[in-house]
Amino acid sequence: MVRNIVIFGGSSHPQLTENICTHLGIPPARITLSKFSNGETRVEVGESVRNKDVYIIQSGGGMVNDHLMELLITVSACKTASAKRVTVVLPLFPYSRQSDLPYNKVGAPLSRMEKRTPSEGSGSFTFDSRPTTPHPGGPESQGFGPNGVGSLTKKLNGISVQRSEVNMNAPKRRDTLEQEAQEGTNGVHGDSAQHSKHDTSAPTSMAVQRGYKQWVAQAGTLVADLLTCAGTDHVITMDLHDPQYQGFFDIPVDNLYGRHLLKKYIQQNILPRQGGIDNCVIVSPDAGGAKRATSIADVLGMPFALIHKERRPTYSNDRQNATMLLVGAVANKTAILIDDLADTSNTITRAAKLLKKEGAHTVFALVTHGVLSGDAIERINASALDRVVVTNSVPQEEHVKLCPKLVVLEIGNVFAEAIRRVHHGESISVLFQFD
Ligand SMILES: O=P(O)(O)OC[C@H]1O[C@H](OP(=O)(O)OP(=O)(O)O)[C@H](O)[C@@H]1O
């Protein structure tokens, strides 16, 4: 039982709030979360927080913008009600994939943009630069930068590029169906199928003159500032996509690791059944996650392989045209993909296809944040993946019903322990130790 502490749960993940409170032995505090008819968020804190240590649990999946606004209002309400300290607990930090500076072409896949003017056409927004970005298969691809696909292909002769096909008739999540009903579409955001290859012919003289300066908002910076301005004193999160995002804050940010849970799952459920470390290989599905995956491979003494993923979207709705190349041996082995998040699941499903083509007989994907938006579940069901393991950093109840390959690991106990330690002023470095 922890005293003098108040825990509020936002509307993003009530089950996780329950789990954390159960571990701490205290009930969640009363809070009324609602909306006015015009869509504005309304928050009413149901008990006194004066001089209390307040924790607000809100995750970044689902209706992420509504949840963020709700969180900001709740923080502000607690602060103006004289809370001693307000800590936000964000198992999945919203907007943390947008911490990059402008001009970066990677990041969260975009859904379709609305047509703005008749002359702009439906693909009115683009990340393309002028002159056009070289791409694999294009005449300019051979001179494609020191780390580009052209040079990698030269180095890794004989390894081919995979493109995934998806069964779109599979079961869908409730919010996907609702969105389709509103849009009158079949749920495919953008016409990625048509753009499975770079379409350099699409820009016409009538298209908007794009790419001279790509002013992309630094939403990650803004969200960090908003949280701080609202009155947040401390942030607890897990597996930030870019750990350097912590530096955007001038308040303490504790970035917990999901790798403990993933390592434990490998030790208890994969290695004993798949012939031990000699028959398994840890794989990072992109270079950005190599450090994360190698830390698990090193601590378990397992071999490691890397897939180089190159996202080069030409248009905002062109989500499929990433190129994947494998470095390392996976033949006749169980491949264990490690990543921080699966959003559309393009990355893990296409990696699985490549791994099976290269001889892996079984493919697991272990990711901390199973966002699984849009068609992700259908994509996983139709994929070469044998098992997908995620944590419940975002709600997984609906995903589990639709995806027989999905296994969910509980993280409530990890956050409960972090909250307990922060509240008592104890070190939480023990939660970061990984060996
Ligand atoms: O399920 P998906 O929609 O494919 O998204 C998941 C991928 O996206 C992120 O990486 P990102 O592409 O942003 O590249 P980075 O790791 O180099 O930042 C993340 O680390 C995954 O690899």
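Contact here means heavy atoms within 4.5 Å. Keep that cut-off at hand for these exercises, which use a predicted model.

**Exercise 1. Describe how domain 1 and domain 2 meet.**

Step 1. Start with the bounds: the domain assignment gives domain 1 as 5–99 + 218–256 and domain 2 as 258–409. Their centres, taken over C-alpha atoms, lie 29 Å apart.

Step 2. Look at the contacts: 15 residues of domain 1 touch 15 residues of domain 2.

Step 3. Turn to area. The size of an interface is often given as the accessible area lost when the parts come together. For domain 1 and domain 2 that comes to about 1200 Å², with 52% of it on carbon and sulfur atoms. On the side of domain 1, the residues that lose the most area are L92, R97 and D239, which together make up 43% of what that side buries.

**Exercise 2. Find which polar and charged pairs cross the interface of domain 1 and domain 2.**

Step 1. Search for salt bridges across the interface, and the rule returns one. R97 pairs with D343, with 3.3 Å between the closest N and O atoms. You have met R97 already, among the residues of domain 1 that lose the most area to domain 2.

Step 2. Widen the search to polar contacts, and eight residue pairs turn up across the interface. Helix α1 (residues 14–24) supplies the largest share of the touching side of domain 1, with three residues. By type, that side holds six nonpolar, seven polar and two charged residues.

**Exercise 3. Decide whether R292 and D340 are buried or exposed, and do the same for D233 and K79.**

Step 1. Locate the pairs among the 14 salt bridges of the whole structure. D233 and K79 come within 2.7 Å, N to O. D233 sits in the loop between α5 (219–230) and β6 (234–238), whereas K79 belongs to helix α2 (residues 64–80), 154 residues apart in the chain. R292 and D340 have their closest N and O atoms 3.8 Å apart; helix α7 (residues 290–300) carries R292, and strand β11 (residues 334–342) carries D340.

Step 2. Apply the cut-off: buried means under 20% relative accessible area, and exposed means over 50%. D233 has 26% relative accessibility, so D233 is partly exposed. K79 has 29%, so K79 is partly exposed too. R292 and D340, by contrast, are both buried.

Terms used: Residues are numbered from 1 along each chain as its sequence is written. This is a predicted model: local features need pLDDT of at least 70, side-chain atom pairs count only at pLDDT 80 or more; totals for chains, interfaces and linings use all residues. Side-chain values use heavy atoms; hydrogens and water are left out. Domain bounds come from an automatic or database domain assignment. Buried area is the accessible area (1.4 Å probe) that two parts lose on being put together, summed over both. A salt bridge is a side-chain nitrogen of Lys or Arg within 4 Å of a carboxyl oxygen of Asp or Glu. A polar contact is a pair of N or O atoms within 3.5 Å; within protein, one must be able to donate a hydrogen and the other to accept it, and residues adjacent in sequence count only if both atoms are side-chain atoms. Helices (H or I, at least four residues) and strands (E, at least two) are DSSP runs, numbered from the N terminus. Ala, Val, Leu, Ile, Met, Phe, Trp, Tyr, Cys and Pro count as nonpolar, Asp, Glu, Lys and Arg as charged, and the others, Gly among them, as polar. Buried means under 20% relative accessible area, exposed over 50%, partly exposed in between (1.4 Å probe, protein chains only).
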